[in-house]
Amino acid sequence: MSQTLSYTPVDEIPQIHQDLRKAFISGKTKSIAFRKQQLLNLCYLLEDNYDRFKQAFAADLGRPYEESELLELNGTLLELKETYDKVEEWASPEKAPFNMLWFAMSPITRKEPKGVVLIISPFNYPVYLTLCPLAGAIAAGNTVMLKPSELSEATAALLTELLPKYLDPELYRVVNGAVPETTKILELPFDHILYTGNGRVARIVLAAAAKHLTPVTTELGGKSPCVIDPRCDIKTAAKRIMWGKLVNGGQLCLSPDYVLVPDWFQDKFVEALKDAYHELHPVDPKESGLVCRMVNERHAIRVKNLIDNTKGTIVFGGEVDVATKYAAPALIKNVKGDDSLMSEEIFGPFLPVIPVKDVDEAIEFINERDHPLNIYVFSNDPAFKAKVFDNTQSGTVAANDTILHVMAYGVPFGGVGPSGSGFTTGKYSFEVFTHLRCQMDNPSWIDPALMAARYTPFKPRPLAFLNMLLHPRLPPRNGGRSVAQKLSLGFILALTAALSAYLVHAVKKAA
């Protein structure tokens, strides 16, 4: 498959932004029925072009068709369909909980679009991490500028071709390019930016957004560790870790980046990992094509430098052919915290194993570094899992498997600190692009009934009554319920009933 990616002329980018602003102001996106139709069209964009996307992934990453369908296309379509099904529910105004003081003012939360939003997506999962945020932005009623990664050239070209055929081209625009084009984009004022990628570029995006006070959501990845309990199901743990490490050639934000294992157990677990690799790949993946290539020569050189400089013991693999962008899967043991493989997120098919004294040292090792996107724990002991989860910080956590939790229905996915901020899946993606706007309507009869005490000159008795209602009753400093509180419960109930009767009387009188 041959797809040619044409970059957007830099001088056209401001006009595209202006057109999107004008389209948003037109109010066309306010209609929920319109949003639903666009979301359905987005579903069919993917459904109609499954094979073309598989071919694009193969061209960009050397990814097997089976892996593309299983782990990107199906998951993307599931999320798009969920957004289509739920947009009316998500976008509906929400009534505030009943409160005696405020119920008559009808307080609600409106779900409103933010305006013109920018989505910058990465090369590694270029459909999932483009179309799912796009669906959230459409469901929320925004107009969107999409900037696909120029590294996944064939996929970006296919998206550029298809999106105007399925979506309203006045409201959703694709801008392609590299550093000059992205720099021009970031000079413009957006109402929200979603950036998925690495921390270095994220700092540039955040600095540019700060000039316009634009809110930014980031998904940045990081070095996600696996913590091993020697009492775990060793064979299953090793297979799931090795599978997760090699998905997309390791070019995945949730990829298991390294393994922490008790030093006395290292050799046994390394053997299990080695066996798992040979079970998954009885034929050399360079020949079978069942492990993706690096996305470009620059990344191939980068991972080559990481493994060439390791002080750990290479158990197998690690050869890198820069010309063909192929990095052979590698397992490396006896790795230390200052090793080259620990200097950055690997984003390649190399798995370092780091021996530690025990789970306490594993937790200390994790906490000495940036918060990862995910922490994996392999154990059948609830106390062991709880100890790791409760004493570390990460975007997400998972026990006894890798990767799959990002596809779980109804839960948020996102980073914390250096691994990202905000959420990028399902309803949480909708909420990222939504402004929650308070609305209240205060009828005139409320003043004589209750709120007249706020006006000057203050009248002591009405003011004291209103202050009594507004002032919260604190529990005793040592917790529990005080004797006075227990005795006053009946009085409070009686007061509530009296106040209700008073309000009804005031309403009738005002009417």
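I'll start with the small sheet. Three strands make up an open sheet, ordered 1-2-18, and the pairing is antiparallel. Keep in mind that this is a predicted model. At the edges of this sheet are strand 1, residues 94-95, and strand 18, residues 434-439. Each of these two pairs on one side only.

Strand 2 covers residues 108-113, and with strand 18 it forms an antiparallel pair over six bridges. If you want a place to look, take Thr 109: the residue opposite it in strand 18 is Cys 438.

Now the other sheet on my list. Seven strands form an open sheet here, and the order is 10-13-14-9-8-15-16. The pairing in this one is mixed. Its edge strands are strand 10, at 313-316, and strand 16, at 396-399, and each has a pairing partner on one side only. On average, neighbouring strands of the sheet are turned by 25 degrees against each other, with direction ignored.

Within that order, let me pick out one pair. Strand 8, residues 224-228, and strand 15, residues 374-378, run in the parallel sense and pair over three bridges. Ile 228 has Phe 378 of strand 15 as its bridge partner.

Which strands does helix 14 touch as it packs on the sheet? Strand 8, strand 15 and strand 16. Helix 14 consists of residues 382-390, and its direction makes about 160 degrees with that of strand 15.

So much for the sheets; now the protein as a whole. Its secondary structure comes to 18 helices and 18 strands. The C-alpha trace spans about 85 × 60 × 35 Å along its principal axes. How many residues are there, and what share of them counts as buried? There are 511 residues, and 50% of them count as buried.

On contacts: take those between residues at least 6 apart in sequence, and 74% of them join residues at least 24 apart.

On the surface: the accessible area of the protein is about 23900 Å², and carbon and sulfur atoms account for 56% of that.

Last, charge. The protein carries 54 positive and 57 negative side chains. The centres of the two sets lie 10 Å apart.

To go back to where I began: the three-strand sheet is antiparallel, whereas the seven-strand sheet has mixed pairing. That is what I have for today.

Definitions and conventions
Residues are numbered from 1 along each chain as its sequence is written. This is a predicted model: local features need pLDDT of at least 70, side-chain atom pairs count only at pLDDT 80 or more; totals for chains, interfaces and linings use all residues. Side-chain values use heavy atoms; hydrogens and water are left out. Helices (H or I, at least four residues) and strands (E, at least two) are DSSP runs, numbered from the N terminus. Buried means under 20% relative accessible area, exposed over 50%, partly exposed in between (1.4 Å probe, protein chains only). Contact means heavy atoms within 4.5 Å. Accessible areas come from the Shrake-Rupley method with a 1.4 Å probe; for residues, only the protein chains shown count as cover. Lys and Arg count as positive and Asp and Glu as negative; His and the chain ends are not counted. The place of a charge is taken as NZ of Lys, CZ of Arg, CG of Asp or CD of Glu. Two strands pair if DSSP finds at least two bridges between them. Axes are lines fitted to C-alpha atoms, for helices over the stretch in contact, and angles run from 0 to 180 degrees between N-to-C directions.
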